[in-house]
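Take a look at the fold below. We will go through its strands and then turn to confidence.

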Amino acid sequence: MLSPKTNWLLAMDVDGTILTDDYVVLPEVREAIQSARRKGVIAILATARAKEAVFHIVDDLGGVDAAICLGGSVIIQRDGETWTTLAHGPGAAIAPTLVHEIVKASRQGRISLSIYTEDRV
């Protein structure tokens, strides 16, 4: 039994962990997560997905306390139906002119590049 004076955190990867290969949340996974939350465990998702891509997963799970998205670049928390961004990683402050230079250089060098914003890839 968890002690009420002890803080517990359950951090979960999404793809291939709480989702099946068919991108489904199994009922037993949902129940295990919600059972832990009822006992006071803080449940968070940790994923490379953008925040918009976790909303439906959170609904399928029946809720979590927060999500670390884009590999740690954005942390969001849900309060009722509202999501709040709690933190941005250091990359959030990259100047648009520098982004333009990086894109130009990667194209010239024929290097594959993915760019992430808070809500888009």
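Which unit do strand 1, helix 1 and strand 2 make? They make a right-handed β-α-β unit. Keep in mind that this is a predicted model.

Start with the two strands of that unit. Strand 1 covers residues 9-12, and strand 2 covers residues 42-46. They pair in the parallel sense, over four bridges. Two residue pairs help to place them. Ala 11 stands opposite Ile 44 in strand 2. Met 12 has Leu 45 of strand 2 as its bridge partner. In a regular strand, side chains alternate between the two faces of the sheet.

Now widen the view to the sheet. It is open and has five strands. Their order is 1-2-3-4-5, and the pairing is mixed. Which strands stand at the edges? Strand 1 and strand 5 do. Each has a single partner strand, so one side of each is left without a neighbour in the sheet. From one strand to the next, the twist averages 25°.

How far does the confidence go? The mean pLDDT of the protein chain is 84. Of its residues, 86% reach 70 or more. Confidence is highest in helix 1, residues 27-38, at a mean of 95. That helix belongs to the β-α-β unit described above. Confidence is lowest in strand 5, residues 82-88, at a mean of 79. Strand 5 is also one of the edge strands. Where pLDDT is low, the predicted coordinates should not be read in detail.

Conventions: Residues numbered from 1 in each chain as written. Predicted model: local features only at pLDDT ≥ 70, side-chain atom pairs only at ≥ 80, totals over all residues. Heavy atoms only, no water. pLDDT = per-residue confidence, 0-100. Helix = DSSP H or I, 4+ residues; strand = E, 2+ residues; numbered from the N terminus. Pairing = 2+ DSSP bridges. Right-handed = clockwise from strand over helix to strand, strands pointing away. Axes fitted to C-alpha atoms, helices over the stretch in contact; angles between N-to-C directions.
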